[in-house]
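This report describes one protein chain, moving from its surface and overall form to its domains and then to individual residues. Please keep the sequence and the structure in view while reading.

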Amino acid sequence: MFDSLVDQPPDSLLGLIKAYQDDKRTKKLDLGVGVYRDDAGLTPVMSAVKSAERILLESQRTKAYLGPEGDILFVSALQPLLFGARATGITGLQTPGGSGALRLGTELVALAQPGAQVWVGVPTWPNHAAILEAVGAKVRPYRYFDTATQTVLFDEMMGALSQAARGDVVLLHGCCHNPTGADLDADQWSETAGLIAERGLFPFIDLAYQGLGRSLDEDASGMRLVLAAVDEALVAYSCDKNFGLYRDRVGALFAFSRDTTKSAAIDSNMARLARVSWSMPPDHGAALVRTILESSVLRLAWHEELVRMCARITDVRRTVAGLEPQLKFLANQRGLFANLALTPRQISTLRLDHGIYMAPSGRVNLAGMRAADGDTLVAALAHVGAFKESNAELS
Ligand code: LMR
């Protein structure tokens, strides 16, 4: 049976976790996998999560199955956070993380429209194409971002989407673009929403970092503009980052249909797909999120901590941007990541000579470092020749 299997390379991002842990040097910097760290270098369990865990420990009476939809009160507690208080036509279910939501959403698309093409701006999170292809979707890449000039190639994006056929899927990052940190601005979101609606395309929005870019509402605003313009959409949501629940795998897949008579069919198909994939999602993390969102006290504590995390990321961005004119762009981008224009050799030298770990694409997780590490990073980048002699400024 297994004779035909060939070795797969380790995941380019997840492999970094072990490589960094195995590095015996004391002076090293982990800018690899996208996790938030505080000034002590820890990825903390948020205080509202700890409180919710205590409440659950005391109050949970059973761990009997819930069903393929998972915790439906978790799903309904999330809805106003994403879509605002008055949204209609939304239905959803709990998934194991945002990846589970992306996988289930792609399977739903494949079921509803076999052979659908999915338009993906590159660079993107490496697992996007992998998930889409695993389900047999045809990926249509277009250039979204120019790393050398640190600019969104909006005209190219519009040009590419103008070629898309009615019913094609457009995968969009809701906020905190991974890997570039370069989001669409409000005008660009409006134009994108208009084009999607005009051409009858189907938006699939990946919202994995809500609250870590600007604010909860601002980070959802692009997605809300798109939903206001179209009749149908999917949204893959992750609580892994904004609730700090990474390994608990907490996410949800939401479907929007203006025609609410379709809700029952959407719901039952999503539940069926969940049943044949993971049967039922893990409960613990979603129960924590529900407990937090249902309590005004815990919700406030969670939100205040999220705002502090977001401010810390912004501070790191501004600090590093202020240290080197050619990194000024960092201050204008949002969220955890930036994609530096580095060669594979430079990335390898940063790791071998300086103990600085980053994704092979040159993506750095700024939320993983302290502002005080800025000097070390900038000096190492200068050492590997990352900055142009001309002193050109990218802003
Ligand atoms: C990342 O992009 O680093 C995170 O989303 C972790 C992952 O699963 O890749």
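## Surface

Accessible areas are obtained by the Shrake-Rupley method with a 1.4 Å probe. By this method, the protein chain of this predicted model exposes about 18,100 Å². Carbon and sulfur atoms supply 54% of that area.

Turning from the surface to the interior, buried residues account for 54% of the 395 residues in the protein chain; a residue is called buried when its relative accessible area is under 20%. The chain carries 39 positive and 44 negative charges, and the mean positions of these two groups lie 3 Å apart.

## Overall form

The protein chain contains 13 helices and 13 strands. Its radius of gyration is 21 Å, close to the 21 Å that the globule rule gives for 395 residues, so the chain is as compact as a globular protein of that length. Measured out along its principal axes, the C-alpha trace spans about 60 × 55 × 55 Å.

Contacts can also be sorted by separation along the sequence. Among contacts between residues at least 6 apart in sequence, 76% join residues at least 24 apart.

## Two domains

The domain assignment divides the protein chain into domain 1, made of 2-45 + 298-394, and domain 2, made of 65-294. Domain 1 is thus written as two segments of the sequence, 2-45 and 298-394.

The centres of the two domains, taken over C-alpha atoms, are separated by 25 Å. In the contact between them, domain 1 contributes 27 residues and domain 2 contributes 31 residues.

## Cis peptide bonds

Where are cis peptide bonds found? One joins V122 to P123, with omega near 5°. P123 belongs to the loop between β3 (117-122) and α5 (126-134).

Another cis peptide bond runs from N178 to P179, and its omega is near 25°. P179 is placed in the loop between β7 (169-173) and α7 (186-199).

## Positive phi values

R249, a residue other than glycine, has a positive phi, near 55°. R249 sits in the loop between β9 (232-238) and β10 (251-257). Is R249 buried or partly exposed? With a relative accessibility of 30%, R249 counts as partly exposed.

S279 is also a residue other than glycine with a positive phi, here near 70°. The loop that holds S279 lies between α9 (263-277) and α10 (284-294). S279 has a relative accessible area of 19% and is therefore buried, since the cut-off for this class is under 20%.

Notes
Residues are numbered from 1 along each chain as its sequence is written. This is a predicted model: local features need pLDDT of at least 70, side-chain atom pairs count only at pLDDT 80 or more; totals for chains, interfaces and linings use all residues. Side-chain values use heavy atoms; hydrogens and water are left out. Helices (H or I, at least four residues) and strands (E, at least two) are DSSP runs, numbered from the N terminus. The radius of gyration is taken over C-alpha atoms; the globule rule is 2.2 Å times the number of residues to the power 0.38. Buried means under 20% relative accessible area, exposed over 50%, partly exposed in between (1.4 Å probe, protein chains only). Contact means heavy atoms within 4.5 Å. Lys and Arg count as positive and Asp and Glu as negative; His and the chain ends are not counted. The place of a charge is taken as NZ of Lys, CZ of Arg, CG of Asp or CD of Glu. Domain bounds come from an automatic or database domain assignment.
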